[in-house]
Amino acid sequence: MEEKKFRNTVEFQVSGDYALFSDPVTRVGGEKFSYQIPTYEALKGILHSVFWKPTIKWIIDEARVMKPIQMETKSIRPLVYNGGNELAYCTYLKDVTYQVRAHFVQNKNRPELAHDWNENKYHNMAKRMIERGGRRDIFLGTRECQGYVEPCEFGEGTGYYDGAPGEIAFGFSYHGMTYADEAELEEDRGKLTVRFWNPVMRKGYIKFCTPEECVKKRHLHAMEIKRFPDKKFSGLEEFGKGEQDEFI
């Protein structure tokens with residue numbers, strides 16, 4: 001399946017024994033139930049663990065489900081907010097592998113970092129980090145679901161749903177969060193916004209709409225953009241003489 005590729009496109013495969021892609025509303029506590037496919041926000045979070053800079057904004061273009069969708073319910077004892085733990089049943093995806101295609105754009109909401117924009121450098125850095133499995137630990141939706149990243153050619157290899165007829169619709173689902181520092185639309189600026197969409201899988205492929213294309217959304221509350229200092233942080237120069245002596 002041929003799709004448009006951007007000049008800074010990256011392609012990788014992520015896999016793991018278990019995954020839990022759920023609506024954040026169900027993550028407050030108690031029992032959790034995974035979506036059948038990864039959310040846009042979860043895949044974006046994986047890329048943030050692979051390579052992230054505040055100057056760039058990752059866009060997930062497409063994902064490919066390589067293995068059959070299987071669910072497994074396990075009893076666990078999660079920590080609760082008032083202390084201690086309790087017995088809960090969580091339903092996970094089991095034995096998952098996905099191919100992902102994504103690209104990045106400049107984050108225009110951070111003009112103080114405009115001097116830091118170097119598309120070619122960041123593209124090469126992102127590809128190197130994919131080859132090394134990422135800069136930080138990879139999680140498939142939640143921390144107890146460890147994932148592993150490796151480079152791949154998107155669309156290559158045999159997928160379980162390659163010959164599936166028609167399409168599979170997954171209904172009204174969580175897409176992701178738009179934070180104030182990544183808001184593109186005027187209506188979303190200065191707010192924390194939650195987005196929803198109706199994903200469809202065709203022969204194992206899921207083409208994601210962009211955050212700006214999500215028409216089903218809700219503004220949760222006002223949010224300010226945390227600005228980075230205009231000058232580069234050099235270390236002890238930012239402390240007074242007394243503070244320097246204390247750390248030395």
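**Notebook: a sheet, a helix and a pocket**

I started with E8 and strand E9 (residues 191–197), which run antiparallel and are joined by five bridges. Strands here are DSSP runs of E with at least two residues, helices are runs of H or I with at least four, and both are numbered from the N terminus. Two strands pair if DSSP finds at least two bridges between them. I looked up one bridge: Gly-176 has Arg-195 in E9 as its partner.

Before going on, I noted that this is a predicted model: local features need pLDDT of at least 70, side-chain atom pairs count only at pLDDT 80 or more, and totals for chains, interfaces and linings use all residues. Residues are numbered from 1 along each chain as its sequence is written, and side-chain values use heavy atoms, with hydrogens and water left out.

Next, the whole sheet. It is open, with three strands in the order E8-E9-E12 and antiparallel pairing. E8 and strand E12 (216–222) are at the edges with a single partner strand each, so one side of each has no neighbour in the sheet.

Then I asked which strands H1 touches. H1 packs on the sheet and touches E8 and E9 (contact means heavy atoms within 4.5 Å). The direction of H1 makes about 50° with that of E8; axes are lines fitted to C-alpha atoms, for helices over the stretch in contact, and angles run from 0 to 180 degrees between N-to-C directions.
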